[in-house]
Amino acid sequence: MLYVRKVGVVGSGVMGSQIAEIFALNGYEVGLKDISKEYLERGLTNIRRDLEELVSFQKTKADREIKRIEEQDGIVLTEQQKESIRSKLRPTYDEKRVTDALAKISPTETYEPFKEVDLVIEAIVEEVEEKKKLFRQLDEHTSKHAILASNTSTLSITEIASSTKRRDRVVGTHFFNPPITLPLVEVIPGLETSEDTLTDMIDFLSTLRNHRYPLLPIRVKEVPGFLVNRILGAMLNEAFSLYEGGVASMRDIDQAMKAGAGMPMGPFELSDLIGLDVLYHVEENMKKMEGGFPITRPSQIVKKMFYSGRYGRKTGRGFYDYSSQSTA
Ligand SMILES: NC(=O)c1ccc[n+]([C@@H]2O[C@H](COP(=O)([O-])OP(=O)(O)OC[C@H]3O[C@@H](n4cnc5c(N)ncnc54)[C@H](O)[C@@H]3O)[C@@H](O)[C@H]2O)c1
C-alpha cells in the first residue's frame with residue numbers, strides 16, 4: 001500500500017493547479033512547482049477562486065433547493081421540512097477548510113520541497129522531450145521510493161519512463177478537465193511499470209474526493225490517446241471537419257450536440273475549455289503514433305488557432321471570445 005504524506009505537482013496550469021487543489025483538500029501537503037512566480041501566482045489565484053466559489057455555492061444550496069421545490073412543484077414547505085432540507089444539504093466546505101487547504105500548498109520554482117514527496121504528478125506542456133527532461137530531474141531530486149506519474153493526454157508512459165532509473169515506479173494518471181468536478185482518472189502502466197505501482201496508484205486515488213465525487217480511477221492499457229480521448233478525439237475531429245466543410249456554423253454544431261446528443265458542452269465549447277494549444281499538441285503527437293486517432297481529414301482549424309495564440313478560455317479567446325469574462 002502506498003503511504004503518502006506529501007505530494008509534488010509540476011505545472012500550475014489548468015490541470016496541475018486543480019490536481020494540487022484536490023490533494024490539499026484531502027489533507028495532503030503539496031509542493032507545487034512551475035517555471036516562474038507569475039505562473040505559480042496564477043495557479044494559486046485559480047485555486048483560491050475555485051474554493052471560494054465552492055463555499056458560496058454550498059452556502060446557498062439548501063435555499064436554492066427549497067425555492068426550486070416550492071416554485072416548480074407548487075408546494076409550500078413547512079418550517080420543519082425546510083430545516084430538514086437545510087440539515088441534509090449542510091455545507092461540507094467552509095472558509096476554514098479553504099484556508100486550511102490553501103495553507104497545505106507550497107508554491108516553488110525549485111525541487112527543494114520534492115525531497116520528501118512520496119508521489120509526483122506531472123502536468124506540464126504536452127511535449128515528450130520536455131517531459132523526459134523533467135522526469136530525469138525528478139528522478140534525481142526525489143526519494144527513490146517515490147512514484148512519478150504523468151498526466152499526459154497522449155504520450156507514451158514507456159517513453160517518458162525511459163528517462164528515469166525507476167521505470168517500475170513511473171505510471172500515467174490521466175485526469176480530466178476540470179479535475180475538481182470530473183472524477184475519472186485513467187491509470188496507465190508503461191511496459192516496465194510494476195503491478196504494485198499500478199495497484200498502489202489505483203488504491204490511493206480511490207481514497208480521494210474532488211469537489212463533488214470520490215475519484216474514479218480505471219486501469220487502461222498504454223495505447224495512443226488511451227481510452228476517453230480516443231473516443232472524444234474522433235468526435236471533435238468530425239465536428240471540426242463538418243465546420244470546415246461549411247455544413248453548419250460553430251454555434252449550431254455546439255447547440256446540436258447539446259440539444260440532440262445530450263452533451264453538456266458542444267465540441268467547440270469543450271475545445272476552448274481543454275485549450276487549443278493542448279489539442280494542437282495532442283493532434284501532432286497522435287499523428288506520429290501508429291494506431292492513433294482514426295483521422296481521415298485532419299483539421300486545419302486547430303493549427304490556425306494555435307499559431308495565432310487563440311488557446312481558448314485560458315487566453316480569453318479561442319473559437320469563442322471570453323474577453324469580457326474573468327479568465328484568471
Ligand atoms: N487541458 C486539458 O483539458 C487536459 C486534460 C487532461 C490532461 N491534460 C494534460 O495535462 C498536461 C498539462 O496541461 P494543461 O492544460 O494544464 O497545460 P497548461 O498550459 O495550462 O499548464 C502547463 C503549466 O506547466 C508549466 N510548465 C511547463 N514546463 C514546465 C517545466 N519544465 N517545469 C515546471 N512547469 C512547467 C507551464 O508554465 C504551465 O503553467 C498536458 O500534458 C496535457 O496534455 C490536459
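User: Which of the 28 residues around the ligand come nearest?

Analyst: Start with the shell, meaning the residues around the ligand. This is a predicted model. Here Gly-11, Gly-13, Met-15, Ser-153 and Asn-177 come nearest, out of 28 residues around the ligand.

User: Which elements give two or more residues to that shell?

Analyst: Look at the secondary structure behind the shell. Helix H1 (14–25), helix H6 (128–141) and strand S6 (170–175) each give two or more residues. H1 gives the most, with three residues.

User: How many residues of each class does the shell around the ligand have?

Analyst: Sort the shell by side-chain class. It has 13 nonpolar, 10 polar and five charged residues.

User: Which domains does the shell draw at least three residues from?

Analyst: Set the domain bounds beside the shell. The protein is divided into domain 1 (6–52 + 99–219) and domain 2 (228–315). Each of these domains supplies at least three residues to the shell around the ligand.

User: How do I read the contact between domain 1 and domain 2?

Analyst: The size of an interface is often given as the accessible area lost when the parts come together. Here, use residue counts. Nine residues of domain 1 are in contact with 11 residues of domain 2. The side of domain 1 that touches domain 2 has three nonpolar, three polar and three charged residues. Taken over C-alpha atoms, the centres of the two domains are separated by 26 Å.

User: What does the radius of gyration say about the whole protein?

Analyst: Begin with the inventory: 13 helices and eight strands. The radius of gyration is 21 Å, close to the 20 Å that the globule rule gives for 328 residues, so the protein is as compact as a globular protein of that length. Along its principal axes, the C-alpha trace spans about 65 × 55 × 35 Å.

User: What share of the residues is buried, and what share of contacts joins residues 24 or more positions apart?

Analyst: Buried residues make up 38% of the 328. Among contacts with a separation of 6 or more, 67% are between residues 24 or more positions apart.

User: Where is the cis peptide bond?

Analyst: Check omega. From Asn-177 to Pro-178 the peptide bond is cis, with omega near 0 degrees. Pro-178 sits in the loop between S6 and strand S7 (184–189). Asn-177 is also one of the residues that come nearest the ligand.

User: Which residue other than glycine has a positive phi near 55 degrees?

Analyst: Phe-226, with phi near 55 degrees. Its place is the loop between strand S8 (216–219) and helix H9 (228–244).

User: Is Phe-226 buried or exposed?

Analyst: Count C-beta neighbours; the cut-off for buried is 20 or more others within 10 Å. Phe-226 has 20 within 10 Å, so Phe-226 is buried.

Conventions:
Residues are numbered from 1 along each chain as its sequence is written. This is a predicted model: local features need pLDDT of at least 70, side-chain atom pairs count only at pLDDT 80 or more; totals for chains, interfaces and linings use all residues. Helices (H or I, at least four residues) and strands (E, at least two) are DSSP runs, numbered from the N terminus. The radius of gyration is taken over C-alpha atoms; the globule rule is 2.2 Å times the number of residues to the power 0.38. A residue is buried if 20 or more other C-beta atoms lie within 10 Å of its own, exposed if 12 or fewer, and partly exposed in between; C-beta atoms are placed from the backbone. Two residues are in contact if their C-beta atoms, placed from the backbone, lie within 7 Å. A residue is near a molecule or strand if its C-beta atom, placed from the backbone, lies within 6 Å of it. Ala, Val, Leu, Ile, Met, Phe, Trp, Tyr, Cys and Pro count as nonpolar, Asp, Glu, Lys and Arg as charged, and the others, Gly among them, as polar. Domain bounds come from an automatic or database domain assignment.
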